[in-house]
Amino acid sequence: MTAINPLPPLKDLEEHFRYSPYTGELKNWYSGNIAKRLDSKGIYIQVDFQNKVWQAHRICYYLGTKENPGILQVDHKDRCTTNNRLENLRLRTNSEQQHNTKIRSNCKSGHRGVIFDKKGNKWRAYIADPEKKGGKKFVYRGDSKDEAVKAREDAEKKYYPDIYQ
């Protein structure tokens, strides 16, 4: 995780930018330009302010809610990193943010937290244990992939209801 720079004071941002929570556009009040420049990886919209480069979604969240994200990450619910509408932005810890990532390319089951145990010749489902950092809680072991997927989905709703609605 990269270090997060503290945002400038809200008053300074409000003087310099205009944010539309309905469209997600961040407009430079002085130049009239709408922020569209992407970072070097082509992922996040960036803006220049006070001789620094800032991620636009963090400023949008701050302007839209008046709540400084601080060290928390601003997550895009729909994973579209250029969609900065306020309804699409939420605060998450780094751990919570990992739940909203795409399925890895080497995932053979096609479902997060569902694996085939070759040794036991069984399907297994697990979820990150909320009580043990880095631990796994196994929620299913059996012959059915569909039941493993269902067990994983049920565990998501049970252990992380605010993330998996």
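This passage walks through a predicted protein model, from its overall build down to a handful of residues.

The model is a prediction, so local features are reported only at a pLDDT of at least 70 and side-chain atom pairs only at pLDDT 80 or more, while totals for chains, interfaces and linings draw on all residues. Residue numbers start from 1 along each chain as its sequence is written, and side-chain values rest on heavy atoms, with hydrogens and water left out.

Confidence comes first. The pLDDT, which is the predictor's confidence in each residue on a scale from 0 to 100, averages 87 over the protein, and 95% of the residues score at least 70. Helix α2 (residues 56-65) has the highest confidence, at 96, whereas helix α3 (residues 94-97) has the lowest, at a mean of 73. As a reading rule, predicted coordinates should not be read in detail where pLDDT is low.

Next, the overall build. The protein holds 4 helices and 9 strands; these are DSSP runs numbered from the N terminus, with helices (H or I) of at least four residues and strands (E) of at least two. Starting at the N terminus, the order of elements is α-β-β-β-β-α-β-β-α-β-β-β-α. The C-alpha trace spans about 65 × 30 × 30 Å along its principal axes. The radius of gyration is 20 Å, against a value near 15 Å for a compact globule of 165 residues; the radius is taken over C-alpha atoms, and the globule rule is 2.2 Å times the number of residues to the power 0.38.

Some totals round this out. About 10,800 Å² of the protein is exposed, and carbon and sulfur atoms supply 49% of that area; accessible areas come from the Shrake-Rupley method with a 1.4 Å probe, and for residues only the protein chains shown count as cover. Buried residues account for 36% of the 165, where buried means under 20% relative accessible area, exposed means over 50%, and partly exposed lies in between (1.4 Å probe, protein chains only). Contacts (heavy atoms within 4.5 Å) can also be sorted by sequence separation: among those between residues at least 6 apart, 39% join residues at least 24 apart.

Helix α2 is mostly covered, with 8 of its 10 residues buried. The buried set consists of Ala56, His57, Arg58, Ile59, Cys60, Tyr61, Tyr62 and Leu63. Just past the helix, Lys66 takes a positive phi of about 65 degrees. Within α2, Cys60 has a relative accessible area of 1%, so this residue counts as buried. A disulfide is a covalent bond between the sulfur atoms of two cysteines, and the search criterion was a pair of cysteine sulfur atoms within 2.5 Å. Searching the whole structure turns up 0 disulfides. For Cys60, the closest cysteine sulfur is in Cys80, 13 Å away, which is too far for a bond. Cys80 itself is partly exposed, at a relative accessible area of 34%.

Towards the start of the chain, His16 sits in helix α1 (residues 10-16) and is buried because its relative accessible area is 17%. Leaving aside residues up to four places away in sequence, His16 touches Lys27, Asn28, Trp29, Tyr30 and Phe49. One of these partners, Trp29, belongs to the loop between β2 (26-28) and β3 (46-49). Trp29 is partly exposed, with a relative accessible area of 48%. On the same counting of neighbours, Trp29 touches Glu15, His16, Phe17 and Arg18. Trp29 and Arg18 are 11 residues apart along the chain, and their C-alpha atoms are separated by 6.1 Å.

Two more buried residues make polar contacts through their side chains. Such a contact is a pair of N or O atoms within 3.5 Å; within protein, one must be able to donate a hydrogen and the other to accept it, and residues adjacent in sequence count only if both atoms are side-chain atoms. His76, in strand β5 (residues 73-76), counts as buried because its relative accessibility is 4%. Its side chain reaches the backbone oxygen of Thr81 at 3.3 Å. Along the chain, His76 and Arg124 are 48 residues apart, with 30 Å between their C-alpha atoms. Ser109 lies in the loop between α3 and β7 (114-117) and is buried, at a relative accessible area of 7%. The side chain of Ser109 reaches the backbone oxygen of Val114 at 2.7 Å. Not counting residues up to four places away in sequence, Ser109 touches Val114, Trp123 and Lys145.
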